[in-house]
Structure formats: structure tokens, C-alpha cells
Amino acid sequence: MVGLNGVTISVVLFGIGLLGLVLRRDLVVKLLALGLVNSAVILCLVSLGARPDGAPPILATPAASAIVDPLPQAIVLSAIVINFAILALALVFVMLLVERYHTTDSHRIERASAAEED
Amino acid sequence: MRRAPVFTILAAIVLVAGFCAVVLTGFGFREPSAGDIDAWADVARRTGAINVVSSIYLNARLFDTLLEVLVFAVAVLGVHFYLTARGRPEPVESIPESNVVRIAADILLPPILLISIYVVLHGHLSPGGGFSGGVIAGTGLLLAAIALGTDTVTARLGPRLLDRAEWGTLLGILFLAFAPIFAGRPLLSDLLPAGTPGRLASGGSILLYNALIGAKVFVGSWVIVRHFVDHRGEI
């Protein structure tokens, strides 16, 4: 039996985000799902580095217990910033698509662009 | 037409199952030994910073952080480029904000900026750092933009100053990374002494990096917000 910890929650969140990314047709909802996937990955990495009675990775704290692994937290920082950058840039592309095709529905956009090519 | 959703659902299930399988194997993850963590704590002691995380991403793995800042700068440049090329649409009539929002913004903005400066400057001593502090300041400016309108805020800050600050901070970060060469030290090493751990003036160059990254993230997030608000249109 897998306990309810950060890793299992992140797997559920990842699944929800992935389903939203694949099944939903609205581009903005797709981007929200992408954000959810990213948050799930961040949660997963930080949970992997955590331990039940670990202290925060700051040396000055009165060290009742050992600090947690600081490496995942440092790596995750890049993921957060790059997620922000990707979402901002992707939203701009969604705006450009909406301006051209007047819809956020990915199927309609595909059909309209295929009709344009013919 | 009916088959397409079935395929996508199947593909999604396969993907999720694959991910779960990877998770069940634990990503090949092994519990970090006390020695591993001690090694990182030693890195922090060497740099003079108390915060082990910031001593990793601003000292031991500085190269990663530099490229991360570059990715952020490229995203800001992309937003700037595509939305400027699109031209400014018909200005949407702004809804006048109530006095509550305006007065709340007046009261809250100074403490928000003060907290952000604290978070940036104490990045090597406590949780926080340039990225989070910069986002706090950018959010404060967003509050001002909600209360006053983006045009007023941009005019008060000076649009040219913002453009210069955006690239000036990036050049500053890159210069700081390359500057140790001129002092006869290896690339990406510290320029300042480690100092006494726990003091504000400690941690080598981490303080400078945090300040520059904070300014960079502040300006960059404001540029992104401003462009999005300027180009809000009707679908």
C-alpha cells in the first residue's frame, strides 16, 4: 500500500494534468493543465528530497535533526522559473492564434489552418 | 470521428501508466546518505552562506542558474517581440477602480516592496532569494497597475529606464560571472570574500547575484504583465 505522501499526490496531479493536456480542446485549458503537470513534477522532486523529521536546509537553525537534501530544492528552482517563462511565451502564441482564427478550440484551429493550406 | 477520442484516451492511459511505472521504480532514486548532504553543507560553509540551497544554485551550480536567467530573458524578449510586432489594439476602456482598491494599493505597495528587498538581500541567510523577491516586487507593481492603470505606472517608472534595466541587469549578471577572470581567478568563482556566516555581508558573490537576479525578475515580470494588459482584446 502506497502511503499518501507528496510523491503519490504528485502522480495523481500529473495524471490529471496530462489528461487535460491531451483531452481538452481549449488551448488556454491546455496551458493550465501544463502548469498543473509542472507543479506535479516540482512537488514530486521536492518530496523525494524530503524526510519526515528533516530540518530546512539552513545551517543556522538549531540543528535538532539533520537537514533535508538541498539538491532537489535547488534544481526545482530552475523548473519554476522556466515554467513561468514557457507559460508566458505559450500564452502569447495562443493570443496570436486567437487573433488569426478567432477561437481557442485546437480542433477548429487545425481545421481552419488545413483549409487555408488547400 | 468516434475513434479519435478513444485513441487519445488510450494514449493518455498508456502515458499515465508509464509514468506510474517510473514512479513505482522510484526514478532509480536512492535515499541521499548523510555524507551527500554533508558535502552540500560543506559547499555552503565554504561560500560563507547559511542557506545551503542558495549556495548550490548561486555558487556550486552557478552555470545552470546563468542559463536559467538567459531562458527567462529570452521568454521576456519573445513576449516583447511578438506583442510589439502585433501592434497595439484599440485601447479597451478601463473600468475605474473603486477607492478601496486605490487606497489599499497605496497602503500595501511600500511594505510589499520593502519585503521584497528584504527577501532578496537575505537570500543567503534565510529562505528566499532573487527569484522569489523579484516576483514579490513584480506582484506589488501589478497591484499598483490594477489601481492606477498600466499606462500611469509605466509613465511613472519611465519606459526607457525599464528597457535599459532589463538588459542592464542581464549584462550585469553575465559580467559578474565572467569578472573573476580579470582578478586572475577561475570563471564563475566568487569575487567577494566569504565573510562571517550569518552576517548580511557574507556568502561571497551570492548577495550580488541575488540583487541582480531580483532586479532582473522584477523588471522582466513587469514587462510581461504590461504587455499582456496592453494587448488584452476581446475574443
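**Exercise 1. Decide whether B:His231 is buried, exposed or partly exposed in this predicted model, and describe its surroundings.**

Step 1. Count the neighbours: B:His231 has 19 other C-beta atoms within 10 Å.

Step 2. Compare this count with the cut-offs, under which a residue is buried with 20 or more such atoms, exposed with 12 or fewer, and partly exposed in between. B:His231 is therefore partly exposed.

Step 3. Place the residue in the chain: B:His231 belongs to the segment after α9 of chain B.

Step 4. List what it touches. Leaving aside residues up to four places away in sequence, B:His231 is in contact with A:Met95, B:Leu83, B:Arg86 and B:Pro89. In addition, B:Arg88 stands 143 residues from B:His231 in sequence, while their C-alpha atoms are 6.5 Å apart in space.

**Exercise 2. Find how many helices and strands chain B has, and work out why chain B is described as more spread out than a compact globule.**

Step 1. Chain B contains nine helices and zero strands, so that its elements, read from the N terminus, run α-α-α-α-α-α-α-α-α.

Step 2. For 235 residues the globule rule gives 18 Å, whereas the radius of gyration of chain B is 22 Å, which is well over that value, and chain B is therefore more spread out than a compact globule.

Step 3. Add the dimensions and the contacts. The C-alpha trace of chain B spans about 60 × 55 × 35 Å along its principal axes, and 33% of the 235 residues count as buried. Among contacts in chain B with a separation of 6 or more, 73% join residues 24 or more positions apart.

Step 4. Check the confidence. Chain B has a mean pLDDT of 85, with 92% of its residues at 70 or more; among its elements, helix α1 (residues 3-24) has the lowest mean, 77, and helix α5 (residues 99-121) the highest, 93.

**Exercise 3. Repeat the analysis for chain A, and test whether the length of its helix α1 agrees with expectation or not.**

Step 1. Chain A has four helices and zero strands, in the pattern α-α-α-α.

Step 2. The radius of gyration of chain A is 20 Å, well over the 13 Å of the globule rule for 118 residues, so chain A too is more spread out than a compact globule. Its C-alpha trace spans about 70 × 35 × 15 Å along the principal axes, and 30% of the 118 residues are buried.

Step 3. Helix α1 of chain A (residues 6-23) has 18 residues, which at 1.5 Å a residue should span 26 Å; the end C-alpha atoms are 25 Å apart, and this agrees.

Step 4. Look along this helix for buried residues, which include A:Val7, A:Phe14, A:Leu18 and A:Gly20.

**Exercise 4. Describe the side of chain B that touches chain A, and then the largest nonpolar core.**

Step 1. The contact takes 39 residues from chain B and 33 residues from chain A. On the side of chain B, the elements that give two or more residues are α1, α2 (34-47), α3 (52-60) and α4 (62-85), and α4(B) gives the most, with nine residues.

Step 2. By type, this side of chain B divides into 29 nonpolar, six polar and four charged residues.

Step 3. The largest nonpolar core has 57 residues, and those that touch the most other members are A:Ala88, B:Val52, B:Ile56, B:Val79, B:Ile173 and B:Ile213. The helix that gives the most to this core is α9(B), with 13 residues.

Step 4. Follow one member: beyond residues up to four places away in sequence, B:Ile213 touches B:Val69, B:Gly130, B:Phe131, B:Gly134 and B:Ile173. Another core, of ten residues, lies apart from the largest one, and among its members are A:Phe14 and A:Leu18.

**Exercise 5. What is the sign of phi at A:His102 and at B:Leu188, and where do these residues lie?**

Step 1. Recall that most residues other than glycine have a negative phi.

Step 2. The phi of A:His102 is near 60°, a positive value; A:His102 lies in the loop between α3 and α4 (106-117) of chain A and is exposed, with 11 other C-beta atoms within 10 Å.

Step 3. B:Leu188 also has a positive phi, of about 65°. The loop between α8 and α9 of chain B holds B:Leu188, and with 19 C-beta neighbours inside 10 Å B:Leu188 is partly exposed.

Technical notes: Residues are numbered from 1 along each chain as its sequence is written. Chains are lettered from A and ligands numbered from 1 in the order in which they are written. This is a predicted model: local features need pLDDT of at least 70, side-chain atom pairs count only at pLDDT 80 or more; totals for chains, interfaces and linings use all residues. pLDDT is the predictor's confidence in each residue, from 0 to 100. Two residues are in contact if their C-beta atoms, placed from the backbone, lie within 7 Å. Ala, Val, Leu, Ile, Met, Phe, Trp, Tyr, Cys and Pro count as nonpolar, Asp, Glu, Lys and Arg as charged, and the others, Gly among them, as polar. A nonpolar core is a set of buried Ala, Val, Leu, Ile, Met, Phe, Trp, Tyr and Cys residues joined through C-beta atoms within 7 Å. The expected span of a helix is 1.5 Å times one less than its number of residues. The radius of gyration is taken over C-alpha atoms; the globule rule is 2.2 Å times the number of residues to the power 0.38.
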